[in-house]
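Biologist: Could you pick out one buried histidine in this model and walk me through its surroundings? I'd like to follow the chain outward from there, so please take your time.

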Amino acid sequence: MIKITLTINGREVSAAIEPNTLLAGLLREGLALTGTHVACDTSQCGACSVLLDGRSVKSCTMLAAEADGADIVTIEGLATDGVLHPMQAAFHQEHGLQCGFCTPGMVISAIDLANTIPDPTEAEIRAWLKGNICRCTGYQNIVKAINTGAAAMRSAS
Ligand code: FES
Ligand code: FES
């Protein structure tokens with residue numbers, strides 16, 4: 001076992017883990033943060049995306065030990081005092097989901113996009129989403145939601 005300490009959704013967390021524990025496993029099974037979804041386990045679908053020091057990473061293919069000392073934000077940590085993050089609100093407003101399975105990863109990835117490219121074009125949004133798979137929506141409303149969410153993040157900053 002190894003001991004790691006990291007910040008998760010603003011709270012310092014220490015955990016004793018096996019060296020091969022994945023970050024997704026620590027979040028879901030160790031900490032009951034099941035909003036981080038796991039589907040492909042091979043870094044393709046993006047459902048497991050979380051923010052690590054502000055950048056989107058796929059927690060299914062990262063060791064928890066590699067996140068030692070990092071600042072992690074999961075979908076559960078985005079709302080403040082019950083108020084949705086502007087990107088979450090945009091997905092709600094534009095109906096950027098159907099079953100919702102991909103949504104946590106989409107929102108996390110979209111926040112990273114909006115922080116990296118504050119005013120993304122539709123082509124940039126679609127290119128960014130190559131790492132996130134949705135089986136339901138056809139992506140139209142997801143793209144709309146990210147456009148709306150990025151605009152809201154710009155005016156909030
Ligand atoms: S579960 Fe991690 S990318 Fe699919
Ligand atoms: S909304 Fe169902 S997988 Fe995207």
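Modeller: Let's start with H37, which is buried, because its relative accessible area of 17% falls under the 20% cut-off. Keep in mind that this is a predicted model. H37 sits in the loop that links α1 and β3. Leaving aside residues up to four places away in sequence, H37 touches R28, A47, C48, G100, F101 and P104. Those contacts give us a few threads to pull.

Take the helix before the loop. Helix α1 covers residues 23-30, and L23, A24, G25, L26 and L27 in this helix are buried. What do the buried residues of α1 pack against? They pack against β1, β2, β3 and β5. Just after α1 comes A32, and its phi is positive, near 60°.

So what is that sheet like? The sheet is open and has 5 strands, in the order β2-β1-β5-β3-β4, with mixed pairing. At its edges are β2 (11-17) and β4 (55-58), each of which pairs on one side only. On average, and ignoring direction, neighbouring strands here are turned by 40° against each other. Helix α1 packs on this sheet, touching β1, β2, β3 (49-52) and β5 (71-73), and the direction of α1 makes about 75° with that of β1.

Now strand by strand. As background, strands of a sheet pair through backbone hydrogen bonds, either parallel or antiparallel. You can find both kinds here. Strand β1 (residues 2-8) runs antiparallel to β2, and 7 bridges join the two. If you want to find the register on screen, look for I4 opposite A15 in β2, and for K3, whose bridge partner in β2 is A16. β1 and β2 make a hairpin with 2 residues between them, and N9 in the turn has a positive phi of about 50°. With β5, by contrast, β1 pairs in the parallel sense, over 2 bridges, and I8 stands opposite I72 in β5.

Further along the sheet, β3 and β4 run antiparallel and are joined by 4 bridges. L52 stands opposite R55 in β4. This hairpin also has 2 residues between its strands, and D53 takes a positive phi near 50° there.

Back to the histidine's contacts for a moment, since P104 is among them. Helix α3 spans residues 103-116, and α3 lies across β3, β4 and β5, running at about 40° to β3. Helices pack on α3 as well, so here is the usual yardstick: two packed helices are described by the angle between their axes and the distance between the axes.

Helix α2 (residues 86-93) packs with α3 at an angle of about 125°, and their axes are 9 Å apart. That angle makes α2 oblique to α3. Their crossing is right-handed. From α2, the contact is made by M87, Q88 and F91, and from α3 by T103, M106, V107, A110, I111 and A114.

Then there is helix α5 (residues 140-156), whose axis comes within 10 Å of that of α3, the two crossing at roughly 50°. α3 and α5 are therefore oblique to each other, and this crossing is right-handed. Here M106, A110, I111, L113, A114 and N115 in α3 meet I142, I146, A150 and M153 in α5. If you compare the contact lists, M106, A110, I111 and A114 of α3 turn up against both α2 and α5.

Since C48 is one of the residues that H37 touches, you may be wondering about cysteines. How many disulfides does the model have? The count comes to 0. Among the cysteines, C40 counts as partly exposed, at 26% relative accessibility, whereas C60 is buried, because a relative accessible area of 4% falls under the 20% cut-off.

To come full circle, H37 is a buried residue in the loop between α1 and β3. On one side of that loop is α1, which packs on the sheet, and among the histidine's contacts are R28 and P104.

Methods: Residues are numbered from 1 along each chain as its sequence is written. Chains are lettered from A and ligands numbered from 1 in the order in which they are written. This is a predicted model: local features need pLDDT of at least 70, side-chain atom pairs count only at pLDDT 80 or more; totals for chains, interfaces and linings use all residues. Side-chain values use heavy atoms; hydrogens and water are left out. Two strands pair if DSSP finds at least two bridges between them. Axes are lines fitted to C-alpha atoms, for helices over the stretch in contact, and angles run from 0 to 180 degrees between N-to-C directions. Contact means heavy atoms within 4.5 Å. A disulfide is a pair of cysteine sulfur atoms within 2.5 Å. Buried means under 20% relative accessible area, exposed over 50%, partly exposed in between (1.4 Å probe, protein chains only). Angles under 35 degrees count as roughly parallel, over 145 as roughly antiparallel, 65 to 115 as roughly perpendicular and the rest as oblique. A crossing is left-handed if the near helix is turned anticlockwise from the far one by less than a right angle, and right-handed if clockwise.
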